[in-house]
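Here is a short report on empty space inside a protein. Look over the sequence and the model before reading on.

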Amino acid sequence: MLGYGKIAYVNLTDKRVEIADVDEELAFKYIGGRGWAAYIIFKNIDEIIHGTHPSNILIVATGPLDATIFKGGSKTTFAAISPQTGIYGDSNVGGYLGSMMRKAGIDAVVIKGASQEPCYLLIEDERVEIEAAENLWGLHSKDADKKLREIHGDCSIATIGIAGEKLVNFACVNVDWDLRIRRHGQAGRTGMGAVMGSKKLKAIVAKGDKEVRVADPERLANIAERLKDQITGSKLYESWEKYGTMSTIEWSNKAEALPTKNFQYTKFDDAEKFGGEAIHRLKEYTSGCANCIMPCGHTISVGEDHVTVDYENIAMLGPNLGLSDLDAIAKANYLCDYYGLDTISTGSVIAFVMECFQRGILDEERVGFEIKWGDAEAVYKLIKFIAERKGFGTLMALGVRELSRCIGEGSERFAMQVKGLEISAYDHRAAPAMALSYATCDIGAHHNRSWAITYDVEVGRDNYGEDKASKVIYLQHIRPLFDMLGVCRFPWVELKVDPNLYAEAYSAIVGREFSLEDLLICSERVWNLTRVIAILRNKIDVKDDSLPARDFEDPIPEGDTKGFRIDKEKFMNLLRSYYKLRGWNDQGWPTEEKLLELGLEEAAEKLYG
Ligand code: SF4
C-alpha cells in the first residue's frame, strides 16, 4: 500500500518472525503509531495477563508521515499494557528510530512472548532478525548503545538500562544516546522499559536508507514547502530555536504552576537558575530528531558527559525536589537516563519520599539514610537504589501509588498520581481544564494528551465552564493524532502551524483524501478504544477519573493564586459535561451508540454484548 511499509510480528518465545502488509482497516481507521498499538492490544486483550508477563505485547510503531519529505519530525510509539497502571500505556519518542524503521521498510514491530536469553532486534531491509545480547545484559543504556553502534554503524538504537532489566515499573527506553547531531530522547512514561526487560529484549536497532514510496510526490513536495515556510516564517521560531521547551520554566513559575516540593507550592524563588535563559547560556549544542527543521534538543554538560534537557525533566527533578543548582539537577537527569528511568515518575517518587520525611512518616531507620528537600546526594543515591531495586528502592520502584499503599499513614493523600501514573509537571489546583486533562487521560496523568493549562490561563483560573470540557476533548483528539501520524506536534503547538497541512500531507502520501476532521475521528476512535481496554482490564470508571486528595483539600499557600484548590462539586459537574460531550454514560463508559458510531463494533460487543 502506498505510503506504508510492512509490519513485523515477532515471537520471542519461539523465535519466529513474520512480515505482513498493512491492511486497509489498520491504515485508514487507525493510521499508525498509537492507533495501531491500541487496535492490536484490544484484539489480544483476553490473552494478556499483566505488564511484565510474557503474554504482554509490545508494539513499536511509527506513522505514515515519518521519513517522507514532509519535515515534521520523527516520532515512534512504544505501547503495551503498562506494568505500572495495568491499563493501556504508551510513550512517544523522537530521535532517528522511526525514520530508520520506515527507511528499512518496517513501519511497526509487534513483539510477543519472552526470550530465555538476552536478545536484541535488528530491523533492516524489510527484515527483522533476533540477535543474541548476552554481552549487553547488565550494561547501562549508554554503553549498550555504544557497543551496538560499533557493530552496526549508521543506525538508530533503542536500549533499556539497568532499571528496565530489573523491571522497575517506570523504566524508560533510551533512543540514540548523545550523538550530538541526533537528539537523544526517551520513551519515558508507563514503564515500556520494564516490558522490554521482561522479554529479555535489551535493544532495538534500525538501519535503513530506502525512500518511502508515496502516492503523489509532487503534491507532497508542495505541502512540505508550505510547512517549511510556516515553520521558518513563524514569529515564534527565533525564541523556539533559542529556548526550546525550557522557557516553560519561567512561564510556569509566573503562572504559579511550577510543581515545588511535591506539588505543595506552585512557584520557586530560584527558577531563573535553571530556566530557558540559563540553559541557553550554558548549552553546548542543540540536536534534533530525524526529519526536523526546528531542533530543540538543548544539551548541557554533566562532568565529562552530556544531558539533553526538557521542561518536564528539569521541573520534576529540580523545584519538585527543592533543588535549585542546575549542575545537580542536570546530574539527576543524566542518572535517570543512564539507569533508564522515567524522569517524571522518578522525580515524583523521590518528592513523595521527601514529603514523608518532612511529615515524620518515614525516617532514617526505615529508609537507610536521612533525606531532606534539596539534598542532591540523597537524590543521586535514591535514583541508583530505585534502578537497582536495592533497599528502600525496591518499594520506590513500584511507583508512587503502590509505594503510598505500602507506607499508609494517610500518605495516599499526597501521592501525586492518577490511575497509577505520576502527574507530570504542572500544578493544576488553579487550572480546572488541566485538572480534567489529568483525571481523564487514557494512560494516567500525563500532560502530553491535553496541555490545557494555557487555556485555563486564557479564560480564567476559577472557571469550570463547559467550554473547558470541550477544549480538553479537542486536545485529547488532536495531540495524540501526531503520535498516530509519526510526527512531532511542536510545529503546531509551539509555532502555530496550520494542522490542516498534516491531513493534506497524509492524503498525498496514501493517495486518498482525508480532511483534518476525518483524522480527528480516527483519533477519537483510538481514545474510545483505549478507554474500553481500561474498562475491560481494570473496570475503570468515574471513580478513577479523579485526582489526589491534595488537589481538593490543600489550597495553594501563596502568590496570586493563593487559596485556589479544585472545587470537588464543580469538578464533578465538569466531568459530567465531559462524559456527555464524549457520548459516554454517567459511569464514564462509552455508550454502545458511540462505539457503533465510531465503527468499534467488536468493542461494543465486548462491553454490551
Ligand atoms: Fe524532535 Fe524537538 Fe524537532 Fe520535535 S521539535 S522533532 S522533539 S527536535
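From which domains does the lining of the largest pocket draw at least three residues each? They are domain 2 (243-422) and domain 3 (432-608). Note that the model is predicted.

**The pocket.** The largest pocket has a volume of about 640 Å³. Its lining counts 22 residues. Nearest the centre lie W451, T454, V493, E494 and K496. Several helices supply at least two lining residues each, among them α8 (237-243), α19 (453-459) and α20 (466-485).

**The cavities.** The whole structure holds three cavities of 30 Å³ or more. The largest cavity encloses about 920 Å³. It is lined by 50 residues, with K75, N92, D310, H447 and F490 closest to its centre. Strand β5 (88-93) gives the most to this lining, with four residues. Helices α20 and α21 each supply at least two residues of the largest cavity's lining, and each does so for the largest pocket too.

The second largest cavity has a volume of about 60 Å³. Helix α23 (residues 516-538) provides the largest share of its lining, four residues. Among the lining residues are W527, R531 and W584.

The linings divide by class as follows.

| Space | Nonpolar | Polar | Charged |
|---|---|---|---|
| Largest pocket | 11 residues | six residues | five residues |
| Largest cavity | 18 residues | 19 residues | 13 residues |
| Second largest cavity | six residues | two residues | three residues |

**A helix pair.** α20 also packs against helix α25 (residues 568-582). Their axes are 9 Å apart and meet at an angle of about 55°, which means α20 is oblique to α25. The crossing is right-handed.

Definitions and conventions. Residues numbered from 1 in each chain as written. Predicted model: local features only at pLDDT ≥ 70, side-chain atom pairs only at ≥ 80, totals over all residues. Heavy atoms only, no water. 1 Å grid on protein atoms, 1.4 Å probe; cavity = no way out; pocket = protein on both sides within 12 Å on 5 of 7 lines; lining within 4 Å. Points joined across faces, edges and corners; volume = space filled by probe spheres on them. Nonpolar A, V, L, I, M, F, W, Y, C, P; charged D, E, K, R; others polar. Domains from an automatic or database assignment. Axes fitted to C-alpha atoms, helices over the stretch in contact; angles between N-to-C directions. Parallel < 35°, antiparallel > 145°, perpendicular 65-115°, else oblique. Left-handed = near helix turned anticlockwise from the far one by under 90°.
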